Amino acid sequence: MNGDGKKDLIMGESNGQIYYYENTGTDEAPAFSGFEAVQSNGSPLDLYTGTRLAVNDWDEDGTPDLIVSDFDGFVYIYMADLTGTADESSAQIQTGFAVTPAVNPARGLLNITVQAPLGGNAALRVFDACGRQVASTDASSLSEGANLVTIDAASLATGVYTVVATSGSDVSSCRMVLTD
């Protein structure tokens, strides 16, 4: 849900509230340290009762949107305004490690610039809009500074993808559009 490539959790309660739980673990061993109420226009969602929800990229912009119904049969669509996560942003600012599209939109190949201030190695994973990992590569022996890493995307469908790069404890992500 937050673009970091890990499966998060969204739950509706019978009282009409909806909560977001960020996965701070892995997909294989999820860990949820807390929750926050899902908001719209700065206020927590508070529907009548008996919420049922689904997550879908309704407007096909690469961000997960929320479709919610309530006990009375009303259906609401909340379009996402994804701005990233604080942990990833602060890690990127503190260390200088960053991943950005070299060309966006891309066609056939995902060309990614990996900024590695100290050089080293990085693992890059590509996730589709549903959070499924669809490609990956290891970039070993990165030189100090900017490095171009290419991932073959010929088998991937047209759409928006999230690229997550890790190097030690550093994490950075970016969105890429793949066209045909």
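Trainee: Which residues are linked into a cluster by ring pairs?

Mentor: Rings of Phe, Tyr and Trp (its six-membered ring) pair if their centres lie within 6.5 Å, with planes under 30 degrees apart counted as stacked, over 60 as edge-to-face and the rest as tilted. Here the cluster consists of Tyr19, Tyr21, Phe32 and Phe35. Keep in mind that this is a predicted model, in which local features need pLDDT of at least 70 and side-chain atom pairs count only at pLDDT 80 or more, while totals for chains, interfaces and linings use all residues. Residues are numbered from 1 along each chain as its sequence is written, and side-chain values use heavy atoms, with hydrogens and water left out.

Trainee: How many aromatic pairs does the structure hold, and what is the geometry of the pair formed by Tyr21 and Phe32?

Mentor: There are four aromatic pairs in the structure. Tyr21 and Phe32 meet edge-to-face, at 6.5 Å centre to centre and with 85° between the planes. To place them in the chain, recall that helices (H or I, at least four residues) and strands (E, at least two) are DSSP runs, numbered from the N terminus. Tyr21 belongs to strand β2 (residues 18–21), whereas Phe32 sits in the loop between β2 and β3 (36–37), so that the pair links distant parts of the chain, 11 residues apart.

Trainee: Are Tyr21 and Phe32 buried or exposed?

Mentor: Buried means under 20% relative accessible area and exposed over 50%, with partly exposed in between (1.4 Å probe, protein chains only). Tyr21 counts as buried at 18% relative accessibility, and Phe32 is partly exposed at 37%. Tyr21 also pairs with Phe35, and because the ring centres are 5.5 Å apart with the planes at 45°, this pair is tilted. Phe35 lies in the loop between β2 and β3, so its pairing with Tyr21 of strand β2 ties together parts that are 14 residues apart in sequence. Phe35 itself is exposed, with a relative accessible area of 52%.

Trainee: In what order do the strands of the open sheet stand?

Mentor: Two strands pair if DSSP finds at least two bridges between them. The order in this sheet of three strands is β1-β2-β3, and the pairing is antiparallel. Because β1 (9–12) and β3 stand at the edges with a single partner strand each, one side of each is left without a neighbour in the sheet. Two bridges join β2 to β3, and Tyr20 stands opposite Glu36 in β3.

Trainee: Which strands pair with β7?

Mentor: Strand β7 (residues 65–69) pairs with strand β6 (residues 52–56) in the antiparallel sense over five bridges, and four bridges join β7 to strand β8 (residues 75–78), again antiparallel. Ile67 in β7 shows both sides of this arrangement, since Ala54 stands opposite Ile67 and the bridge partner of Ile67 in β8 is Ile77. β7 and β8 form a hairpin with five residues between them, and Gly73 in the turn has a positive phi of about 90°. Strand β7 is mostly covered, with four of its five residues buried.

Trainee: Which residues touch the most other members of the largest nonpolar core?

Mentor: In soluble globular proteins, nonpolar side chains tend to be buried together. A nonpolar core is a set of buried Ala, Val, Leu, Ile, Met, Phe, Trp, Tyr and Cys residues joined through side-chain atoms within 4.5 Å. The largest one has 23 residues, of which Val99, Leu110, Ile112, Val114, Leu124 and Val163 touch the most other members. Among the elements that give two or more residues to this core are β10 (109–116), β11 (120–127) and β14 (159–167), and β10 provides the largest share, four residues. Counting a contact as heavy atoms within 4.5 Å and leaving out residues up to four places away in sequence, Leu124 touches residues including Val99, Ile112, Val149, Ile151 and Val163. A second, separate core has nine residues, including Tyr20, Val38, Leu45 and Val68.

Trainee: How many disulfides does the structure hold?

Mentor: A disulfide is recognised here as a pair of cysteine sulfur atoms within 2.5 Å. The structure holds zero of them. Cys130 counts as exposed at 58% relative accessibility, while Cys174 is buried at 10%.
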